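Trainee: I would like to work through this structure with you, taking single residues and helix pairs in turn. Could we begin once the sequence and the coordinates are in view?

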Amino acid sequence: MKPRFRLLCALLLLLMGLASCSNDPNPSNTSPSSSTSSDPNAPVDLAILSGSENESLKPLIKEFADKKGVNIAMDTSKGSVDIMLALKKSEIPYDAVWTASHIWVDLAGTPSKVSRAKSIMKSPIVFGVRKSLATQWGWTSKPVHISDILAKAQSGELRWMMTSASQSNSGACFYLACVNAFAGNPDTLTQTMLNSPAVTQKIKAIFGTVARSAGSTGFLNKTFLNAPKAFGGIVTYESLLIELNKALLQAGEEPLYAIYPSDGVTFSDSPLGYIDKKDGKKQALFDELQAYLLSPEIQTRIQELGRRVGLGTTIENPNPAVFNPDWGIKADRKLPLSHLPEAATIKAALDRYQTAFRKPSLNVYVLDFSGSMEGERADKLKTAMGQMLDQNQARDFFLQASERDINVIITFSSEVENVWEVKGNRQAELMKILQDINLKQPNGGTAIYTALETALDKVKQYGNDGYLPAIILLTDGESNQKGDDNMPHLKQHAGQKGFASIPPIFAMKIGEASADQLQEIVKWSNNGDFFADPKDLPATFRKIKGYN
């Protein structure tokens, strides 16, 4: 237990820094499933840091590696902001990056670190709507503007989801397309246009209607698949909409219909770039892999996976079994493009999204201060909360609070001990709570369910509709306090409160927490994932925050 515990605590220390990738010199050890070798201890010949949207391309990478007799590790667990932050570090334990868009390399401010980059494929960001709704509204037979989407969302007819614009590429690109549209589709978007009252009003309106957010597009698709009747629309890649529709049909659900807003569509260009470490063998292997992915045979196979390939953005005679026109896929049509602005304007736009435009967050942190947390575990929990509450740290990750956010911090041991609240982003108040947290000493038992009931009460107090809520539980043990009730009682408590849908609960497991117990809690809240024993705690916290 002790070595494993020390490793987790050491990793949590990284929350104080800007590191967003593992410091393990062999990235395949942090994500064994990403390696092309069946031996998790095999040396890595080429390590690639990639977005989650490339998960389905791993078999192609493995085929190449098997033919070459090499081991290629492709880590798809990081989001766009994680990749950007990794590139900002002086050292990065990867040999290549495969981002969804070139903008994240540009935002890192390190053009010299990434070289030899070439676009492997393209995919437009679309607004997927349940086909029955698209048909009912006439969206299958006429141009649809972003203002049309806004109108349906404001009327309550459309509940939709998108990734966080400050954490994920698809969310960022859709957000920039909306800004462009509301600014009148200029050739170049400027910061002055971004700050225009007319633009600001419309941007706040549309993102105020988001019903569910997430930190990555892959996770968002899974969330939609878990509850397809709870939502009417989703912002995603065309390629992932195709994958999602196949899964929906297999589950007996209706497919989505792809909407390409007539105000302008943004594309992910998926560049694969090399990080030069003065290793001739790695560079040669990278060049071979890139040439393999761009070869006619593999480009054809990539296209059959629902990606657009080639120099243009259209496909001549697309396979209807893949680019299904019944799903609204328009692969052979020229789409109205929304031009992305320069990096400085994108950075300003993401800052504005985080602090002013996004739907406000209701963050409820549930922190275990039971006796078993004494020592290093409590110290690392305090360090973690420093990253969330100290706005100087949070700003580095596009996680700073807005003036409309609410942060609730609940501490517990044998019972709930403290309930602190801050409305807005007043640094002095947040830092005072952080100071109180830092003074706390662990003692007593572990009353997880009682603490979660208090967290649900707080969510209900402020209401689900006006906020994007999330409950974040950090614990090192399972519930063991006499009088602390069980899962059925927690469900009953939520039912008595009249929740239409349970807010997502995320559990971070430190040490020997019961995986079964925490898994049951998070599955009940339908958050689609479980953050047990995270290998990269900084990225895990950012991923959680991306959900609201």
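Trainee: Is Lys131 buried, partly exposed or exposed?

Mentor: Before we judge any residue, keep in mind that this is a predicted model. Lys131 belongs to helix H5, which covers residues 131-136. Buried means under 20% relative accessible area and exposed means over 50%. Lys131 has a relative accessible area of 27%, and is therefore partly exposed.

Trainee: Which residues does Lys131 contact, once its neighbours within four places in sequence are left aside?

Mentor: A useful starting point is Pro255, which is 124 residues apart from Lys131 along the chain, while the C-alpha atoms of the two are separated by 6.1 Å. Pro255 is also one of the residues in contact with Lys131. The full set, with neighbours within four places left aside, is Glu254, Pro255, Leu256, Tyr257 and Asp326.

Trainee: What share of the contacts in the protein chain with a separation of 6 or more comes from residues 24 or more positions apart?

Mentor: The pair of Lys131 and Pro255, 124 residues apart, gives one example of residues distant along the chain. For the protein chain, with its 21 helices and 17 strands, the share of such contacts that comes from residues 24 or more positions apart is 78%.

Trainee: What percentage of the residues in the protein chain is buried?

Mentor: The accessible surface of the protein chain comes to about 20900 Å², and carbon and sulfur atoms hold 49% of that surface. Turning from area to residues, the chain has 548 of them, and the buried percentage is 60%.

Trainee: Which residues of helix H3 are buried?

Mentor: Helix H3 spans residues 80-88, and because eight of its nine residues are buried, H3 is largely enclosed by the rest of the structure. The buried residues of H3 are Ser80, Val81, Asp82, Ile83, Met84, Leu85, Ala86 and Leu87.

Trainee: Is helix H2 roughly parallel, roughly perpendicular or oblique to helix H12?

Mentor: Two packed helices are described by the angle between their axes and the distance between the axes. For H2 (residues 58-68) and H12 (residues 280-294), the axes come within 11 Å and cross at roughly 130 degrees. Angles of 65 to 115 degrees count as roughly perpendicular and those over 145 as roughly antiparallel, so H2 is to be described, relative to H12, as oblique.

Trainee: How do the residues of the contact of H2 with H12 divide into nonpolar, polar and charged?

Mentor: H2 passes H12 in a right-handed crossing. H2 contributes Leu60, Ile61, Glu63, Phe64 and Lys68 to the contact, and H12 contributes Leu285, Glu288, Leu289, Tyr292 and Leu293. By class, these residues are seven nonpolar, no polar and three charged.

Trainee: Is H18 roughly parallel, roughly perpendicular or oblique to H19?

Mentor: The axes of H18 (residues 448-462) and H19 come within 10 Å and cross at roughly 15 degrees. Since angles under 35 degrees count as roughly parallel, the arrangement of H18 relative to H19 is roughly parallel.

Trainee: How many nonpolar, polar and charged residues does the contact of H18 with H19 have?

Mentor: H18 passes H19 in a right-handed crossing. From H18 come Tyr449, Leu452, Glu453, Leu456, Asp457 and Lys460, and these meet Met487, His489, Leu490, His493, Ala494 and Lys497 of H19. Sorted by class, the contact has six nonpolar, two polar and four charged residues.

Trainee: Is Ser479 buried or exposed?

Mentor: Ser479 sits in the loop between strand E15 (468-475) and helix H19 (487-497). Residues that Ser479 touches, beyond those up to four places away in sequence, are Thr446, Ile448, Tyr449, Asp484 and Gln517. Its relative accessibility is 17%, and because the cut-off is under 20%, Ser479 counts as buried.

Trainee: Is Asn317 buried or exposed?

Mentor: Most residues other than glycine have a negative phi. Asn317, although not a glycine, has a positive phi of about 50 degrees, and it is placed in the loop between helix H13 (296-303) and H14. With a relative accessibility of 68%, Asn317 counts as exposed.

Note on methods:
Residues are numbered from 1 along each chain as its sequence is written. This is a predicted model: local features need pLDDT of at least 70, side-chain atom pairs count only at pLDDT 80 or more; totals for chains, interfaces and linings use all residues. Side-chain values use heavy atoms; hydrogens and water are left out. Helices (H or I, at least four residues) and strands (E, at least two) are DSSP runs, numbered from the N terminus. Buried means under 20% relative accessible area, exposed over 50%, partly exposed in between (1.4 Å probe, protein chains only). Contact means heavy atoms within 4.5 Å. Accessible areas come from the Shrake-Rupley method with a 1.4 Å probe; for residues, only the protein chains shown count as cover. Axes are lines fitted to C-alpha atoms, for helices over the stretch in contact, and angles run from 0 to 180 degrees between N-to-C directions. A crossing is left-handed if the near helix is turned anticlockwise from the far one by less than a right angle, and right-handed if clockwise. Ala, Val, Leu, Ile, Met, Phe, Trp, Tyr, Cys and Pro count as nonpolar, Asp, Glu, Lys and Arg as charged, and the others, Gly among them, as polar.
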